[in-house]
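Hello,

Here is the structure I promised to pass on to you. Please have a look at it first, and then read on for what turned up.

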Amino acid sequence: MIQNQKETTPDNTGARDTVETLNYEPVLETKRRIVDDTVIKWLAVIGIIAILTFAIALPDVAADAIGAGRTFVTEYFTWFFVLYSVLALGICAWLAFGRFGSVRLGGPHAKADYSKFAWYSMLFACGQGIGLIFWSVAEPIMLQGGSPLFEGNEANTGDGSIAWAYFHWGLTAWAMYCIVAICLAYSHFNLGKKLTFRDTVVDFFPVKSRRVVGVVVELLAILACVLGLATSFGFATLQFTFGLTSFTGIESSMPMWIGVIVAFGALTAVSVYFGISKGMKRISEINSILSIVLVVAVLIFGPLVYLASTLLQTFGVYFQNFLSMSMWSESSVAAEGIASWEDSWNGWWTVFIWCWVIAFSAFVGPFIARISKGRTIREFILGVTVVPSLIVMVWIGILGGAALYYDDTDNGAISDQVAESTESGLFAMLEYVPVVGTVLLVIATILVATYYITSLDSGVHALSSFVASAKTPSKGFRVVLVTSIAAITVALLTLGGVSVIGTVQTGTIIGAFPLAFILILMFVNLIKRLRRNETIVRLAQDQVDASSPGSAPGSEPGVPSGGAHRADDTTPDGAARE
């Protein structure tokens, strides 16, 4: 309620108007925010229902349409995704080692909310845990017959297949997550804005168009988030039941799939209800411990000397060929054209995985931002890119290397299983590990569950901020979101089957194409905001120095003294608040 202040003299009319205006603007902004949230929420519901109905009712038509879209993106825009990945990595390096590296998220005196072990555990759990379990064996096995830059050299094809897996899941992929997260984190902790995509980009546009742009931006992020989580839920269910079958002999079936979805959903609901510190953090730390046990056991009980040699050798191959892999855009496709994305190596691999990363940035980025208050930009970027990348490379080098070794000694048995079912790769390899193979099958199956639960947990925290940004989302609301995503997964599996889940997932990933342009605007706007804030701080410091020479302490570049500050509200040209 706005309280009109009664003044006793006519000379205070201007002051009274100013007070009323200052009181009125935040209320009006909140009301607009609530209206926008409502519009976004209902448009997202309508869009999701329409997409799922189309995919389930007309599966062949939907598959053809998605295939045509994937072919179009692969044929004409492979260069764009290659450039996007290089741009993301370059900006991360510039921020980490440039003058803005010392800027602290939340202000000069902000403290980190989580220990480094908990932070790294949550980074890995929300980012690539479930993808790595799926592809850490499948990609090296599928590429061992040859891949770009390594074809024609039989002695090097195995190393090349692991090097490409390092490339697709390592430094560049994490840089693509990192740059999205740093845009969101700086906007939220240092400028006092909501943790949403629209708030990182709308001030890049004219004032009159900001609300419409904000709705469109948030809608794309929500669709990518919900459909990406739901389809990944389906594939995680299939992989989990495959793991159960590997050591129990119980055959997969629709009732088992539904039971697994319900169990995963219930565990995630409990986790989101208790919050990040009591839920997500503890499960992520369990993930880290079990992952270490799995990798160390494969190393010790597997072909130890071979794996140690493979790690060193493939690290060298990766670093030696990193620049070439980063720029590989398959120019022959641009010259000759393709009838289908299947005719392009990048269509199967780099373009597909980069689209995957961009789509998953819709929830990975906000979650990484949420848990990173108190870190400097330099610490943030090195922590989000270098440390997880090294973990990924060790994981792939040991598990993927063991798969290649056992596949070679058993005449391609693992290759045959992966060709029949990609989700079987890790479990097929673990069956060959002597002494502890069965135990590792159990651990790997548990990891499928816990890694997906943490992915869903992080996605729900991000999603709740998108659709209820005007107020703090309740615990119950987050539980409702988990239930909704589980219900979508059940509907996809029961009404459409595995093929429809694949169609919707591919459609979601190809939907990353328009999202990528929005993310590029976010990158540009971040740089603009950092420089503008640096200028504001410098001008303020000059004024202080002029009035009281030598009395004011220095400030960090890009961060106003005193912590969080809405720089966009105080720009010299009087730009309107977002």
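**Salt bridges and the pocket**

Let me start with a pair of side chains: Asp203 and Arg532 meet in a salt bridge, with N and O 3.5 Å apart. Asp203 sits in the loop between α7 and α8, while Arg532 belongs to helix α20 (residues 512-547), so this salt bridge links distant parts of the chain, 329 residues apart. Both Asp203 and Arg532 are buried. Please keep in mind throughout that this is a predicted model.

As general background, side chains of opposite charge can pair when their charged atoms come close. The structure holds nine salt bridges, and two others deserve a look alongside the one above.

One of them joins Arg33 to Asp199, with 2.4 Å between the closest N and O atoms. Because Arg33 lies in helix α1 (residues 13-57) and Asp199 in helix α7 (residues 198-201), the pair ties together parts that are 166 residues apart in sequence. Arg33 and Asp199 are both buried.

The other is formed by the side chains of Glu218 and Arg198, at 2.8 Å from N to O. Here helix α8 provides Glu218 and helix α7 provides Arg198, so the pair ties together parts that are 20 residues apart in sequence. Glu218 is buried, as is Arg198. If you display these two, add Asp37 to the view: Asp37, Arg198 and Glu218 are linked in a network of salt bridges.

Now for the chain as a whole. Its secondary structure comes to 20 helices and zero strands. The chain has 578 residues, of which 56% count as buried. Taking contacts between residues at least 6 apart in sequence, 82% join residues at least 24 apart.

Next, the pocket. The largest pocket has a volume of about 770 Å³. It is lined by 29 residues, and those closest to its centre are Trp135, Phe235, Phe352, Gln505 and Thr506. Which elements give two or more residues to the lining of the largest pocket? They are α2 (59-97), α4 (129-143), α8 (210-248), α13 (350-370) and α19 (498-510). By type, the lining residues divide into 17 nonpolar, 10 polar and two charged.

Two residues in these helices may be worth your time. The first I would pick is Thr350, which is found in helix α13. Is Thr350 buried or exposed? Its relative accessibility is 4%, under the 20% cut-off, so Thr350 counts as buried. The side chain of Thr350 makes a polar contact of 2.9 Å with that of His168. Leaving aside neighbours within four places in sequence, Thr350 is in contact with Trp164, His168 and Trp345.

The other is Val498, placed in helix α19. With a relative accessibility of 37%, which falls between the 20% and 50% cut-offs, Val498 counts as partly exposed. Not counting residues up to four places away in sequence, Val498 touches Phe235, Leu238, Trp257 and Leu493. Phe235 also appears among the residues closest to the centre of the largest pocket. Val498 and Gly234 are 264 residues apart in sequence, yet their C-alpha atoms are 7.9 Å apart in space.

Happy to talk any of this through once you have had a look.

Best wishes

Methods: Residues are numbered from 1 along each chain as its sequence is written. This is a predicted model: local features need pLDDT of at least 70, side-chain atom pairs count only at pLDDT 80 or more; totals for chains, interfaces and linings use all residues. Side-chain values use heavy atoms; hydrogens and water are left out. On a 1 Å grid over the protein atoms alone, a cavity is a set of points where a 1.4 Å probe fits but cannot get out, and a pocket is an open set with protein on both sides within 12 Å along at least five of seven lines; lining residues have an atom within 4 Å of a point. Grid points are joined across faces, edges and corners, and a volume is the space filled by probe spheres set on the points. Helices (H or I, at least four residues) and strands (E, at least two) are DSSP runs, numbered from the N terminus. Ala, Val, Leu, Ile, Met, Phe, Trp, Tyr, Cys and Pro count as nonpolar, Asp, Glu, Lys and Arg as charged, and the others, Gly among them, as polar. Buried means under 20% relative accessible area, exposed over 50%, partly exposed in between (1.4 Å probe, protein chains only). A polar contact is a pair of N or O atoms within 3.5 Å; within protein, one must be able to donate a hydrogen and the other to accept it, and residues adjacent in sequence count only if both atoms are side-chain atoms. Contact means heavy atoms within 4.5 Å. A salt bridge is a side-chain nitrogen of Lys or Arg within 4 Å of a carboxyl oxygen of Asp or Glu.
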